[in-house]
Amino acid sequence: MERIPFRKEELEITAPPLLTGRLGVPVLNTPITPRENCLMFLRGEEPLWMPFFSDTLSLTPAVDPDNVARGFVFDATGFNPVESGGGPDKFGVIWEYVPSVGGSMVRPGSPKVPDITEWEEYITFPDIDSWDWAGSAEKNRKLIEQDIFLRGTTILTGLFERLISFCDMDEALIAMVDEDEQEAVHRLFSRLADFYPKLIRKFREYYNIDIVTFHDDWGSQRAPLLSLDTVREMIVPYLRKISDAAHEMGIYFELHSCGKNEMLVPAMIEAGVDMWNGQPMNDKKMLAEKYGDQIIIGADLPALPEGASDQEIREACQSFIDTFNSYRTYGGRARGVPGAREILYEYSRIAKCGRAV
Amino acid sequence: MSKIEEIASMVERGKAKLIPGLVEEAIAEGCDPVEILNKGMIDAMSVVGEKFQRNEIFVPEMLVAARAMKKGVEALKPHLGSDANVSIGKAVVGTVQGDLHDIGKNLVCLMLESAGFLVQDLGVDVPKERFLEAAADPEVKIVGVSALLTTTMPAMRDTVALLNEAPNRADFKVMVGGAPITAEFAAEIGADAYTTDAASCASVAKAFVTG
């Protein structure tokens with residue numbers, strides 16, 4: 001690919017956001033599409049700019065009940081989570097949507113599975129063939145057929161999170177290390193590792209996705225919830241099976257895992273994860289240096305104070321690009337920072353390809 | 001290795017099934033039940049807390065250790081005598097209204113219990129009035145208030161403000177914690193202490209009541 005230098009005209013808006021709501025961004029006059037740029041990057045080639053979170057159009061349609069339960073429907077239907085979020089997920093677990101958080105939780109105290117060793121008595125796997133995939137795809141036809149942005153979806157409740165949703169946090173954590181319960185967790189994760197590829201295949205078939213983001217939080221603010229050994233023993237074999245299946249379908253596999261999970265990155269690599277979208281409390285530069293040849297690290301723009309000046313925003317963006325441009329990283333969401341996407345794009349383009357004279 | 005050391009080792013490793021038998025063996029060998037409790041269990045949980053703070057172990061290992069200690073205390077109770085008071089005070093703990101997160105609060109409950117407190121767990125999504133009501137118990141020495149979300153920090157502020165108006169406020173300490181909470185915020189809202197994790201919460205709470 002020719003290293004096309006940056007021209008100021010690239011910042012012109014050529015089309016409004018394809019997706020309404022907070023995840024939609026306008027289309028810029030880029031020399032290649034964000035999707036082409038992302039695919040180059042994912043293939044291991046040098047992109048024309050650092051790909052950003054907003055370069056992916058991730059659809060999480062209501063056809064999967066998890067997306068409604070978690071208040072996380074992003075598609076063409078204009079879903080209102082405050083009115084319609086919450087309720088049963090695809091396994092019948094009831095979630096409560098919390099407007100102030102913008103997400104849902106299972107109220108602890110009355111778990112669907114009171115004894116994890118007998119989970120088969122309480123859990124029925126959903127028949128996803130019976131869902132109206134064709135009808136859902138029809139509603140989102142224009143978004144599915146777009147090839148400006150990378151096409152993605154998110155599986156909101158992964159392996160560990162699914163276990164938590166079934167039996168509450170404390171019991172889930174204990175089950176991951178208690179030798180009397182681990183066998184049941186292995187059985188559950190094995191079934192889920194068969195199930196998720198079928199779900200991904202539906203999204204491939206009906207939503208033509210390039211990438212799937214697998215949501216499984218493994219950490220807390222200060223440290224991982226689980227040791228590296230536990231993750232390796234209990235999660236990696238199953239996550240590997242899921243990522244392998246995605247790769248066989250030609251789909252890239254991103255892990256979204258909140259918490260300070262730096263020490264779990266080796267497990268992510270062993271599980272076949274292509275990209276990790278982690279939180280800012282992780283040392284992204286260290287991780288990019290150490291593991292950048294094995295996994296793509298998502299890096300967040302440093303938090304800026306409310307009311308930051310244009311100059312402060314520009315300096316933060318330049319510093320971010322200076323820090324991460326040489327690594328195989330992508331830019332996370334620049335939450336609440338006006339104009340940051342365009343500034344980051346410009347600086348990244350110049351860093352990678354220079355400026356047109 | 002003495003029997004008490006063996007108990008301590010099994011508590012640290014979370015071997016709940018083995019603890020009751022070891023307690024019985026220790027009693028049969030003539031060990032002092034109070035020493036079994038203090039050195040075999042409470043001290044062992046302190047070690048667990050320290051390892052947790054150093055990221056040598058993680059939350060599940062802490063939970064199974066606490067569960068093992070609980071089994072040990074159950075086995076020990078008949079030998080402690082009816083007048084033996086092993087509690088160093090009562091603590092009430094809850095997550096503030098609007099917040100459904102419970103793992104941090106649960107860990108605090110476990111570590112306070114392990115440190116010798118009698119703990120009343122108020123649960124999650126707890127109205128400030130419920131904290132006040134629980135704190136009215138003259139036995140209460142510690143009120144623990146948890147919040148995981150930045151959006152529920154105002155509820156923590158309101159809860160602490162109400163607790164600070166309690167007529168018996170001098171009788172208990174208010175401790176706060178949770179991912180977005182800082183020592184500065186704790187001081188600003190009038191809490192007595194902030195700690196970064198459950199293990200240090202138990203240490204500070206114990207220092208409050210034992211002087």
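# Why these labels? Two chains, one predicted model

User: Asp168(A) sits in the loop between helix 6 (159–167) and helix 7 of chain A. Why does Asp168(A) count as buried?

Analyst: First, a caveat: this is a predicted model. Now the count: Asp168(A) has 22 C-beta neighbours inside 10 Å. The bar for buried is 20 or more, so with 22 Asp168(A) counts as buried.

User: What is the phi of Asp168(A), and what kind of residue is it not?

Analyst: Its phi is positive, about 75 degrees, and Asp168(A) is not a glycine. Asn208(A) also has a positive phi, near 50 degrees, and is likewise a residue other than glycine. You'll find Asn208(A) in the loop between helix 8 (179–207) and strand 8 (211–215) of chain A. Over in chain B, Gly14(B) takes a positive phi of about 75 degrees just after helix 1.

User: What makes Asn208(A) partly exposed?

Analyst: Asn208(A) has 13 C-beta neighbours inside 10 Å. Exposed would need 12 or fewer and buried 20 or more, so 13 puts Asn208(A) in between, and partly exposed is the label.

User: On to strands. How do you know that strand 8 of chain A and strand 9 of chain A pair?

Analyst: There are five bridges between them, in the parallel sense. Pairing asks for at least two bridges, so five will do. One spot to look at is His215(A), which stands opposite His256(A) in strand 9 of chain A.

User: What makes strand 9 of chain A and strand 10 of chain A a pair?

Analyst: Same kind of check. Strand 9 and strand 10 (residues 275–277) of chain A share three bridges in the parallel sense, and the requirement is at least two. Here Leu255(A) stands opposite Trp276(A) in strand 10 of chain A. Between the two strands, the chain passes through helix 11 (residues 265–270) of chain A, giving a right-handed β-α-β crossover.

User: Why is strand 9 of chain A called mostly covered?

Analyst: Strand 9 spans residues 252–256 of chain A, and four of its five residues are buried.

User: Now the two chains together. Why are helix 7 of chain A and helix 4 of chain B called roughly perpendicular?

Analyst: Their axes come within 8 Å and cross at roughly 95 degrees. The window for roughly perpendicular is 65 to 115 degrees, so the pair of helices gets that name. Helix 7 of chain A brings Asp170(A), Leu173(A), Ile174(A), Met176(A) and Val177(A), while helix 4 of chain B brings Val59(B), Pro60(B), Glu61(B), Leu63(B) and Val64(B). By class, that contact splits into eight nonpolar, no polar and two charged residues.

User: How many residues does the whole contact take from each chain?

Analyst: It takes 21 residues from chain A and 18 from chain B. On the chain A side, helix 7 (residues 169–177) gives the largest share, six residues. That side has twelve nonpolar, four polar and five charged residues.

User: Last one: how do you know that Thr159(B) is buried?

Analyst: It has 28 other C-beta atoms within 10 Å, against a cut-off of 20 or more, so Thr159(B) is buried. Thr159(B) lies in helix 7 (residues 153–164) of chain B. Leaving aside neighbours within four places in sequence, its contacts are Val96(B), Lys128(B), Phe131(B) and Val145(B). Arg130(B) is 29 residues away from Thr159(B) in sequence, with 9.3 Å between their C-alpha atoms.

Notes
Residues are numbered from 1 along each chain as its sequence is written. Chains are lettered from A and ligands numbered from 1 in the order in which they are written. This is a predicted model: local features need pLDDT of at least 70, side-chain atom pairs count only at pLDDT 80 or more; totals for chains, interfaces and linings use all residues. Two residues are in contact if their C-beta atoms, placed from the backbone, lie within 7 Å. Ala, Val, Leu, Ile, Met, Phe, Trp, Tyr, Cys and Pro count as nonpolar, Asp, Glu, Lys and Arg as charged, and the others, Gly among them, as polar. A crossover is right-handed if, with the strands pointing away from the viewer, the path from the first strand over the helix to the second runs clockwise. Axes are lines fitted to C-alpha atoms, for helices over the stretch in contact, and angles run from 0 to 180 degrees between N-to-C directions. Angles under 35 degrees count as roughly parallel, over 145 as roughly antiparallel, 65 to 115 as roughly perpendicular and the rest as oblique.
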